[in-house]
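Here's a quick briefing to get you started. Have a look at the structure first, then come back for a tour of a few spots worth finding.

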Amino acid sequence: MSLGDDGYGQEPGRPGGDYGEPAGYDRHLTRTRLPEGEGELYGPNRRAHGGRPGRGNGLSSRNLITVVGVVVLLIAAIAFANRGGGSSSDDSDSAGGKASAQPTAPTGVKPVTGKDGATGIASGFAHTEQGAQSAAANYGVALSGDGMFKTDVRNAIVNTAYAPDVAATRRGDLDKIYSDQEFLKRIGLQGNGSAPKGMTFVSRATPVGSKTVKYEGETATIAVWYSSLFGLAGEGSTNPVAEKWYTTTFEMRWTENDWKITDFSQKDGPAPVGRDQAASSAKDMSDAVQGFGGFTYAR
């Protein structure tokens, strides 16, 4: 559910209301025995100058050495190309901003350089279109999580995700929403935002994809499509965990060497057709939420 479903309208600052180097390679070098007559690169062994014995064998041996040398060079080239984690291979080039593909490592620029200590949200996103998309997806996860229902965690999330000139206003708006006792009661939480005894509160977003609506270097508009789990898992829950789908569009600005949110808008869907799958029991859902940690989405 979203806050709009509860008559509160769109929640300011909370999108979606429903609210991990490849290891070294094992290179097994093998010796190759060439069949009789295939020692030369261009066909059967040829005897030069009247077929003197030994000349043909000499050419065959030299060509065999040449073949082995080529194989060794190829192995070395492949090994060099497949090394993961190098800063030069992960970064985009200066000409077109495109990174060379690596078959055993993620492509593109390095996603982040660190994370915020208070919230665990990734930080140091690249000053690129991809960096803006990664930031939007990461911020969307944090702003849709259960941490938003705890005052200190919520303030830290807002300070990390929003531009400084916007964060103060957002904090005030969000405080009003999350301290509203009628709202908390409606979604089954206690007055301090915690779940009743024996219940597990679930508020988690899972991005499916993102796209750039507009990118102008210092500003970007990024849409993130995601599913949201929201509700209380436990016997007798009056607000069982349900899934909904949203698309949140973030207005972002490059500030303080990172991407930050300045505004957002949200709409329902696109939502897929539900399959014929029985809902899990309250206990199974509670165990799953407690046993499976959520992901961040810096790519």
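Keep in mind as you look around that this is a predicted model. A good place to begin is Ser237, which sits in the loop between S4 and strand S5 (242–255). From there we'll move on to the sheet, its turns and a cavity.

**Ser237 and its loop**

- The side chain of Ser237 reaches out to the backbone oxygen of Leu232, at 2.8 Å.
- A polar atom of that same Ser237 side chain also lies 3.2 Å from the backbone nitrogen of Asn239.
- If you leave out residues up to four places away in sequence, Ser237 touches Met199 and Leu232. So Leu232 turns up twice here: as a residue Ser237 touches, and as the owner of the backbone oxygen that the Ser237 side chain reaches.

**The sheet**

- Four strands make up an open sheet, and you can trace them in the order S3-S4-S5-S6, with antiparallel pairing.
- At the edges are S3 and strand S6 (258–268), each of which pairs on one side only.
- Going from one strand to the next, the twist averages 30°.
- As background, strands of a sheet pair through backbone hydrogen bonds, and they can do that in a parallel or an antiparallel way.

**S4 next to S5**

- S4 and S5 run antiparallel, and twelve bridges join them.
- To find your way along this pair, look for Ala220, which stands opposite Met252 in S5.
- Another spot to look for is Ser228, which has Lys244 in S5 standing opposite.

**S5 next to S6**

- S5 and S6 also pair in the antiparallel sense, this time over ten bridges.
- Thr255 has Asp258, in S6, as its bridge partner.
- Thr249 has its bridge partner in S6 too, namely Ser265.
- The two strands form a hairpin, with two residues between S5 and S6.

**Two backbone details**

- Glu256 is in the loop between S5 and S6. Its phi is positive, at about 50°, although Glu256 is not a glycine.
- Further along, the peptide bond from Gly269 to Pro270 is cis, with omega near 0°. You'll find Pro270 in the loop between S6 and helix H7 (282–291).

**The largest cavity**

- What shows where empty space is left? Rolling a probe the size of a water molecule over the atoms does.
- The largest cavity here has a volume of about 30 Å³.
- Its lining is made up of Ala137, Gly140, Val141, Ala205, Pro207, Val224 and Tyr226.
- Helix H3 (129–143), strand S3 (200–215) and strand S4 (219–233) are the elements that give two or more residues to this lining.
- Which element gives the largest share of the lining? That's H3, with three residues.
- By type, the lining residues of this cavity come out as six nonpolar, one polar and no charged.

**Tying it together**

- S3 and S4 are worth a second look, as they both belong to the open sheet and both help line the largest cavity.
- S5 is worth following as well: twelve bridges join it to S4, and it pairs with S6 over ten bridges.

Terms used:
Residues numbered from 1 in each chain as written. Predicted model: local features only at pLDDT ≥ 70, side-chain atom pairs only at ≥ 80, totals over all residues. Heavy atoms only, no water. 1 Å grid on protein atoms, 1.4 Å probe; cavity = no way out; pocket = protein on both sides within 12 Å on 5 of 7 lines; lining within 4 Å. Points joined across faces, edges and corners; volume = space filled by probe spheres on them. Nonpolar A, V, L, I, M, F, W, Y, C, P; charged D, E, K, R; others polar. Polar contact = N/O pair within 3.5 Å; in protein donor to acceptor, adjacent residues only side chain to side chain. Contact = heavy atoms within 4.5 Å. Pairing = 2+ DSSP bridges. Axes fitted to C-alpha atoms, helices over the stretch in contact; angles between N-to-C directions.
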